[in-house]
Amino acid sequence: PVELEVPAGEEAQLPETVTVRLSDGSEEQRAVVWESFQIPAEGESVQVRGAVEGTAIPAVAEITVTAPLPEITAVAPIEPLRAMLGTPEDQLGLPATATATLDNGQTVELPVGYWFPEPAYDPYVEQTYTWVGYFDLENSEIKVNNSADLHPSVQTQLVWQPNKSIL
């Protein structure tokens, strides 16, 4: 059977295919059409049947509704970075994670999937860039929502002469 946990308030995404074991012991993927269903209340479950292509044996899915995911309410500031003129983007030291505060009071480190510079990054222009980060919540071990669309940001200053007191 397909087992699926869905946070309260989220949509249940049942698979379009299921694995079918054939009489010779081999397995293959087959399309399934799920019956309509109502998402139950938090803490409850529902069983859903589906018609599997090429067989009279139905697929079965058990959907359990869990507590809603915590929401990101704030993103901690990131210390500005400084680099020498000519530094490639991948060597600026942009952080792979950012600290976020959740609505349950917890502080967590979340992965940043990519950084977008403003203005467009040119390693040969001496100026300060503001980088806006985009959380990679799909691949995060910590499951959260970002309904407010909050982003980490960091400034990077490119300098011509190294100043040992700032680098």
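Is Ser140 buried or exposed? Here are my notes on that and a few other spots to look at.

1. First, a caution: this is a predicted model. Please read every value below as computed from that model.

2. Back to the opening question. Ser140 sits in the loop between β10 (128–135) and β11. Despite that loop address, Ser140 counts as buried, because its relative accessibility is 4% and the cut-off for buried is under 20%. Leaving out residues up to four places away in sequence, Ser140 touches Leu110 and Pro111. Those are the two residues to click on if you want to see what lies against Ser140 from elsewhere in the chain.

3. Now go on to β11, the strand made of residues 153–159, where you'll find Thr156. Thr156 has a relative accessible area of 1%, so it is buried. Its side chain makes a polar contact of 3.2 Å with the side chain of Trp131. Trp131 also turns up among the residues in contact with Thr156 once neighbours within four places in sequence are set aside. The others in that set are Leu81, Leu92, Leu94, Gln127, Thr128 and Tyr129. If you show just one residue with its surroundings, I'd pick this one.

4. Follow the chain past the strand and you come to Trp160, in the segment after β11. Trp160 counts as exposed because its relative accessibility is 53%, and exposed means over 50%. Trp160 still has partners from other parts of the chain: it touches Met84, Leu85 and Glu126, not counting residues up to four places away in sequence. Have a look at Ala83 as well. Trp160 and Ala83 are 77 residues apart along the chain, yet 8.8 Å separates their C-alpha atoms.

5. For a contrast, try the other end of the numbering. Glu3 belongs to strand β1, residues 2–7. With a relative accessible area of 69%, Glu3 is exposed. Measure across the model from there to Glu126, which we met as a partner of Trp160. Glu3 and Glu126 are 123 residues apart in the chain, and their C-alpha atoms are separated by 54 Å.

6. How many salt bridges does a search of the whole structure find? The count is two. One joins the side chains of Arg21 and Glu27, at 2.8 Å from N to O. Arg21 is exposed, at 63% relative accessibility, while Glu27 is partly exposed, with a relative accessible area of 47%.

7. The other salt bridge pairs the side chains of Glu28 and Arg30, at 2.6 Å from N to O. Here Glu28 is partly exposed, at 33% relative accessibility. Arg30 counts as buried, because its 16% relative accessibility falls under the 20% cut-off. So this charged pair has a buried member and a partly exposed one.

8. Last, the pocket. Rolling a probe the size of a water molecule over the atoms shows where empty space is left. The largest pocket has a volume of about 180 Å³. Which residues line the largest pocket? They are Leu69, Phe135, Asp136, Leu137, Glu138, Lys143, Val144 and Asn145. By type, the lining divides into four nonpolar, one polar and three charged residues.

Conventions
Residues numbered from 1 in each chain as written. Predicted model: local features only at pLDDT ≥ 70, side-chain atom pairs only at ≥ 80, totals over all residues. Heavy atoms only, no water. 1 Å grid on protein atoms, 1.4 Å probe; cavity = no way out; pocket = protein on both sides within 12 Å on 5 of 7 lines; lining within 4 Å. Points joined across faces, edges and corners; volume = space filled by probe spheres on them. Nonpolar A, V, L, I, M, F, W, Y, C, P; charged D, E, K, R; others polar. Salt bridge = Lys/Arg side-chain N within 4 Å of Asp/Glu carboxyl O. Buried < 20%, exposed > 50% of the residue type's maximum accessible area, 1.4 Å probe, protein only. Helix = DSSP H or I, 4+ residues; strand = E, 2+ residues; numbered from the N terminus. Polar contact = N/O pair within 3.5 Å; in protein donor to acceptor, adjacent residues only side chain to side chain. Contact = heavy atoms within 4.5 Å.
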